[in-house]
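Grab a coffee and open the viewer. Try each exercise yourself before you read its solution.

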Amino acid sequence: MSNVTQNKKGTILKGIGGFYYIRDDEGLIHECKARGRFRNDNVTPIPGDHVIFSASEGVYGFIEEICERRNELSRPRVANINQVAIVISVYKPKADCLLCDKLIIQSKKADMIPLLVLNKCDAADDKSISAMRNEYQNVCTCVCVSASTGEGLDDLKKHLKGLSTCFAGQSAVGKSSILNALFPGLSLETGGLSKKTDRGRHTTRHAELLVMDDIFGMVVDTPGFSFLESADLQPEELSLYYEDMSPFVNNCHFTSCTHAHEPRCGVKDAVASGYISEGRYQRYLTILKELEEKRLREYD
Ligand SMILES: Nc1nc2c(ncn2[C@@H]2O[C@H](COP(=O)(O)OP(=O)(O)O)[C@@H](O)[C@H]2O)c(=O)[nH]1
Ligand SMILES: [Mg+2]
Ligand SMILES: [Zn+2]
């Protein structure tokens, strides 16, 4: 064959039946297979991977090299996500703040920016919107949107620009609706009916990087991905992931303070004076207890 083979750089958007769809820097999509040696080395290319591939005209190319991953999420397996859009509904279903807090912790731990997206603003009253804003104002960026009316979507786009973002959150908050509104032509199923497999797991049919201009969007339709089972987090470290607590930990008497039962605790004082939300603190205690119980189980 007279085809000239060239090595190029690109990002895997999705993999289907042994083929990978790779977007090069010019935005062209290439169909590739992985070299057999990846299988021998037990390496699987996944969406989000930055790769070097060889492209030939008219035939499929080959993935030659997978660049080191900055992070990797499970269920679905995706790589190199910089941001997690945590979608919360300010109408129905009622916001699951514990899940939201856990997603924020997990995002930070995996070096991803948490972005809070308050959806269904068209149906909510101002009071529930501002309650949610106040709860997270010192924690992460909050945007108010409505997938139904399109309100706030331009603002959301600004926060997505140039980053690879996955959308997470409980079922029926409007993740698929927001993605459909952001990516014209996409028709993800909506309705909030969470399809479960026979093992009771939520299926994720869309582990795919969607591209619009320089917005990447990873569809992750699983609530909470796999928080505490995989979170390699010690109870003492938990408060490091609380932006709203960090200004006060220096006031704690004990350097190893977990801000639970210890006396002379700067965090508890800040909760009492209203600098830290009572709800955030109570949920912190819940997560702390889960981590402590997990550690006990591990040392059994
Ligand atoms: N009023 C209102 N309803 C919405 C909005 N976004 C989504 N919904 C509805 O909420 C339900 C769940 O949406 P879906 O996108 O399937 O949620 P997902 O499970 O998070 O992907 C659907 O019935 C949507 O029509 C919104 O901005 N406003
Ligand atoms: Mg959905
Ligand atoms: Zn303390």
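Below are six exercises on this predicted model, each with a worked solution.

**Exercise 1. Get your bearings: how many helices and strands does the chain have, and what share of its residues count as buried?**

Start with the secondary structure: you should find 8 helices and 13 strands. Next comes burial, where 35% of the 300 residues count as buried. Finally, look at how far along the sequence the contacts reach. Of the contacts with a separation of 6 or more, 64% are between residues 24 or more positions apart.

**Exercise 2. Find the barrel: which strands close into it, and in what order?**

Trace the strands round the ring and you get 1-2-3-5-4, so to speak a closed loop of 5 strands with mixed pairing. Neighbouring strands in this sheet are turned by 55° against each other on average, ignoring direction.

Now zoom in on one pair. Strand 3 (residues 29-34) runs parallel to strand 5 (residues 59-66), and 3 bridges join the two. Look for Cys32, which sits opposite Gly61 of strand 5.

**Exercise 3. Lay out the open sheet: what is its strand order, and which strands stand at the edges?**

Step one is the order, which reads 10-9-8-11-13-12 across 6 strands, again with mixed pairing. Step two is to check the ends. Strand 10 (141-144) and strand 12 (209-212) each have a single partner strand, so one side of each is left without a neighbour in the sheet. Step three is the twist: on average, neighbouring strands here are turned by 30° against each other, direction ignored.

Step four is to see what packs on this sheet. Helix 4 (residues 153-160) touches strand 9, strand 10, strand 11 and strand 13, and its direction makes about 150° with that of strand 10. Helix 2 lies across strand 8, strand 9 and strand 11, and runs at about 175° to strand 8.

**Exercise 4. Take a good look at strand 8: how many of its residues are buried, and what does it pair with?**

Count first: 7 of the 7 residues are buried, so strand 8 is largely enclosed by the rest of the structure. Now sort them by face, keeping in mind that side chains in a regular strand alternate between the two faces of the sheet. One side carries Gln83, Ala85, Val87 and Ser89, and the other carries Val84, Ile86 and Ile88. Both faces are covered.

For the pairing, strand 8 runs parallel to strand 9 over 7 bridges. Two matches to look for are Gln83 with Ile113 and Val87 with Val117.

Then turn to the core. In soluble globular proteins, nonpolar side chains tend to be buried together. The largest nonpolar core in this model has 64 residues, and Val84, Ile86, Ile88, Val117 and Leu118 have the most contacts inside it. Strand 8 supplies the largest share of this core, 5 residues. Pick Val84 as a worked case: leaving out residues up to four places away in sequence, Val84 touches Leu103, Ser107, Met112, Pro114, Leu115, Thr165, Cys166 and Ala168.

**Exercise 5. Describe how helix 2 meets helix 8: at what angle do their axes cross?**

The axes of helix 2 (residues 97-109) and helix 8 (residues 278-299) come within 10 Å and cross at roughly 70°. The two helices are therefore roughly perpendicular to each other. On the helix 2 side, the contact uses Cys97, Leu98, Asp101 and Lys102, while helix 8 brings Gly279, Arg280, Arg283, Thr286 and Ile287. By type, these contact residues divide into 3 nonpolar, 2 polar and 4 charged.

**Exercise 6. Compare two helix residues: are Ile105 and Lys127 buried or exposed?**

Begin with Ile105, which lies in helix 2. Ile105 has 22 C-beta neighbours inside 10 Å, and the cut-off for buried is 20 or more, so Ile105 counts as buried. Tyr242 is 137 residues away in sequence, yet its C-alpha is 7.6 Å from that of Ile105.

Lys127 belongs to helix 3 (residues 126-136). With 9 C-beta neighbours inside 10 Å, and 12 or fewer needed for exposed, Lys127 counts as exposed. Its C-alpha is 9.7 Å from that of Val90, a residue 37 positions away along the chain.

Key. Residues are numbered from 1 along each chain as its sequence is written. Chains are lettered from A and ligands numbered from 1 in the order in which they are written. This is a predicted model: local features need pLDDT of at least 70, side-chain atom pairs count only at pLDDT 80 or more; totals for chains, interfaces and linings use all residues. Helices (H or I, at least four residues) and strands (E, at least two) are DSSP runs, numbered from the N terminus. Two residues are in contact if their C-beta atoms, placed from the backbone, lie within 7 Å. Two strands pair if DSSP finds at least two bridges between them. Axes are lines fitted to C-alpha atoms, for helices over the stretch in contact, and angles run from 0 to 180 degrees between N-to-C directions. Angles under 35 degrees count as roughly parallel, over 145 as roughly antiparallel, 65 to 115 as roughly perpendicular and the rest as oblique. Ala, Val, Leu, Ile, Met, Phe, Trp, Tyr, Cys and Pro count as nonpolar, Asp, Glu, Lys and Arg as charged, and the others, Gly among them, as polar. A nonpolar core is a set of buried Ala, Val, Leu, Ile, Met, Phe, Trp, Tyr and Cys residues joined through C-beta atoms within 7 Å.
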